[in-house]
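Trainee: I should like to go through this structure with you. May I put some questions as we look at the structure?

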Amino acid sequence: MRLFNTLTRTEEDFVPADGKTVRMYTCGLTVYARGHIGNFRTFISLDVLRRALRHQEGYGMRHVMNFTDVDDKTINASQQAGVSLREYTDRYIQAFREDCAALGLESVEENPRATDEANLKAMVDMIGQLTARGHTYESDGSTYFRIATLPEYGKLARLDHEGIQAGARVDSDEYDKEDARDFVLWKATKEGEPTWDYGCGPGRPGWHIECSAMALRLLGDGPIDIHGGGIDLIFPHHENEIAQAEGATGRQFSRFWVHVEFLKLAHEKMSKSLGNVYSLQDIIDRGFRPSSLRFLLISVHYRKQLTFSFDILAQADAALTRLTDFLARLERATEGEAHPAIAERVAAARAEFRAMIASDLNVPGGLGVMFELLREMNAAIDAKGMSADDAALIRDAFEEFDRVLGVIALRRAEDSAPPFPADEIDALIEERRLARRNRRFARADEIRKDLEARGILLEDSATGTRWKRK
RNA sequence: GGCGCCGUCGCCAAGCGGUAAGGCAGAGGUCUGCAAAACCUUCAUCCCCGGUUCGAUUCCGGGCGGCGCCUCCA
């Protein structure tokens, strides 16, 4: 498949180095607060990438996504909460897992956390390698990376460091660095902070070292196939990851770099530091469903900014409802024999969809293919009915699409968990059926209205009445 | 100051050299006890100005507008 590589700023053919299994690392969440929907745009986009590689391209996956569970924010927040760092970050890891499940993310092969011993040791080892190769220096007990020792520094972000000029917000660090561009690998212990000592002196890891070290520890020697994350990580985080991994090993770190654009709110990016964030729970509290959010977040190409609003969330919800209504209609198709024309049309749509996804994950284009097929198949049902065999073919196609998108199955799982017991709904539908047969329409309409007030919509058809969540 | 992205129908959004996919909303119709669902019809010349080309929404240049990175951030 074709994939845009930030390293080259071009779309390239992607194949895993060994031809079989994709070794992918994606930056996860810093677990000092609940993830917001901007974070989840990135995670969902990378989930679609993972699904496409796995289910469409047929590769095996070795996918690592970390939790950053030690940094200034996690430390400060845990101290304010009066609990240990571990206990505090456990809470948000748990919350993150719940949100991921609600949003239909596939679980990945490894979710390392920075403060696990094996990982801290890997970081210290890597710092040792960097020191052996002359890339580090010490200052006040902290260890720094000396940018000047790595001529290639800046190749990912394409920053002209010689030319940092007036107007740039240059780092004014309280630490004693030789060069403003240098960054910390290991921070010396401060009073009251968690500390570890595995060979770099007592302290804690700098932010960037964890990803370099854990990626190579869990995925094996570089280059790994893909490294991904939000676009804001290009600099400094990913640039520094490259410096660390390549400085330590002398080998390329990652062949492909994939970055997901921002989610914006009104006219600015959504970020915790700006405070303009919505969590998944906020979305649910407004009466929307996680599946609708997932649909919205994948319906704009991952490399374009997406401006969130509840208005477009409602549009996404309506579109997704149409999709599941169609699939439900298919369940009732039982008439006649198979139509060869349908098989042909479905095969063509499958090919078109695959081509869209293989083209740098053109999910919006893929959705277009799906809805075109949907309309034509609806028309076919209206025109001459549809056999169970035809319906099965169509259903298979949508299941194939959804293995990549992961949104229809999610919606259906939500639908099958009604706000109150399904038995009760079925009983009321039966009562309404009898009322209608006896032409007691007032009672029939009353049942419809009551159910609607309780979040259940009814749809009558020749083959009976079906219910769905509002 | 440097680097980069974006501007397509009321809203969202693909396409990116050969004459504008799709979704949502709207209008008219078919169907229907009601309500939905569904179908049919209808609904854009692509921010502006130049240039290149037989031909540009698509390439180049210049505007205007929006956003990002150069600091923690998905």
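Mentor: We shall discuss hairpins, unusual backbone positions, a sheet, helix contacts and cavities in turn. Please keep in mind that this is a predicted model.

Trainee: Let us begin near the start of the chain. How do E1 and E2 run, and how many bridges join them?

Mentor: Strands E1 and E2 run antiparallel and are joined by 4 bridges. Asn5 stands opposite Thr10 in E2. The two strands make a hairpin with 4 residues between them.

Trainee: Which residue in that hairpin takes a positive phi?

Mentor: That residue is Arg9, with phi near 55°. Arg9 sits in the loop between strand E1 (2-5) and strand E2 (10-13). Arg9 is not a glycine, yet its phi is positive. Most residues other than glycine have a negative phi.

Trainee: And the other hairpin, E14 with E15: how many residues lie between the strands?

Mentor: There are 2 residues between E14 and E15. Strand E14 (residues 456-461) and strand E15 (residues 464-469) run antiparallel, with 6 bridges between them. Ile456 in this pair stands opposite Arg469 in E15.

Trainee: Staying with the backbone, where is the peptide bond from Gly222 to Pro223, and is it cis or trans?

Mentor: The bond from Gly222 to Pro223 is cis, with omega near 0°. Pro223 belongs to the loop between helix H5 (207-219) and strand E9 (224-230). Another cis peptide bond joins Phe235 and Pro236, where omega is about 0°. Pro236, for its part, is placed in helix H6 (residues 234-249).

Trainee: Now the sheet with E11. What is the strand order?

Mentor: The order is E12-E11-E13, in an open sheet of 3 strands with mixed pairing. E11 (residues 263-265) and E13 run parallel and are joined by 3 bridges. Leu263 has Leu306 in E13 as its bridge partner.

Trainee: Why is one side of E12 and of E13 left without a neighbour in the sheet?

Mentor: Strand E12 (268-269) and strand E13 (306-308) stand at the edges and each have a single partner strand, so one side of each has no neighbour in the sheet.

Trainee: On to helices. At what angle do the axes of H9 and H13 cross?

Mentor: The axes of helix H9 (residues 310-331) and helix H13 (residues 408-415) cross at roughly 80° and come within 10 Å. The two helices are therefore roughly perpendicular to each other.

Trainee: Which residues in H9 and H13 meet?

Mentor: From H9, the residues in contact are Asp317, Leu320, Thr321, Leu323, Thr324, Leu327, Ala328 and Glu331; from H13, they are Ile408, Arg411, Arg412 and Asp415. By class, this contact has 5 nonpolar, 2 polar and 5 charged residues.

Trainee: What about H1 and H12: how do their axes cross?

Mentor: The axes of H1 and H12 come within 7 Å and cross at roughly 135°. These helices are therefore oblique to each other. Val48, Arg51, Ala52, His55 and Gln56 in H1 meet Asp402, Arg403, Val404 and Leu405 in H12. The residues of this contact divide into 4 nonpolar, 2 polar and 3 charged.

Trainee: Finally, the empty space inside. How many cavities of 30 Å³ or more are there?

Mentor: The count is 3 cavities of 30 Å³ or more. The largest has a volume of about 80 Å³. Its lining includes Ser45 and Val48, together with Leu297, His301, Tyr302 and Pro364, among others. Helix H1 (37-56), helix H8 (290-298) and helix H11 (363-384) each supply at least two residues of the lining.

Trainee: How do the residues of that lining divide by class?

Mentor: The lining of the largest cavity has 8 nonpolar residues, 2 polar residues and no charged ones.

Trainee: And what lines the second largest cavity?

Mentor: The second largest cavity holds about 50 Å³ of space, and it is lined by His55, Gln56, Phe353, Arg354, Glu400 and Val404. H1, helix H10 (340-358) and helix H12 (388-405) each supply at least two residues of this lining. By class, the lining has 2 nonpolar, 2 polar and 2 charged residues. His55, Gln56 and Val404 also take part in the contact of H1 with H12.

Methods: Residues are numbered from 1 along each chain as its sequence is written. Chains are lettered from A and ligands numbered from 1 in the order in which they are written. This is a predicted model: local features need pLDDT of at least 70, side-chain atom pairs count only at pLDDT 80 or more; totals for chains, interfaces and linings use all residues. Side-chain values use heavy atoms; hydrogens and water are left out. Axes are lines fitted to C-alpha atoms, for helices over the stretch in contact, and angles run from 0 to 180 degrees between N-to-C directions. Angles under 35 degrees count as roughly parallel, over 145 as roughly antiparallel, 65 to 115 as roughly perpendicular and the rest as oblique. Contact means heavy atoms within 4.5 Å. Ala, Val, Leu, Ile, Met, Phe, Trp, Tyr, Cys and Pro count as nonpolar, Asp, Glu, Lys and Arg as charged, and the others, Gly among them, as polar. Two strands pair if DSSP finds at least two bridges between them. On a 1 Å grid over the protein atoms alone, a cavity is a set of points where a 1.4 Å probe fits but cannot get out, and a pocket is an open set with protein on both sides within 12 Å along at least five of seven lines; lining residues have an atom within 4 Å of a point. Grid points are joined across faces, edges and corners, and a volume is the space filled by probe spheres set on the points.
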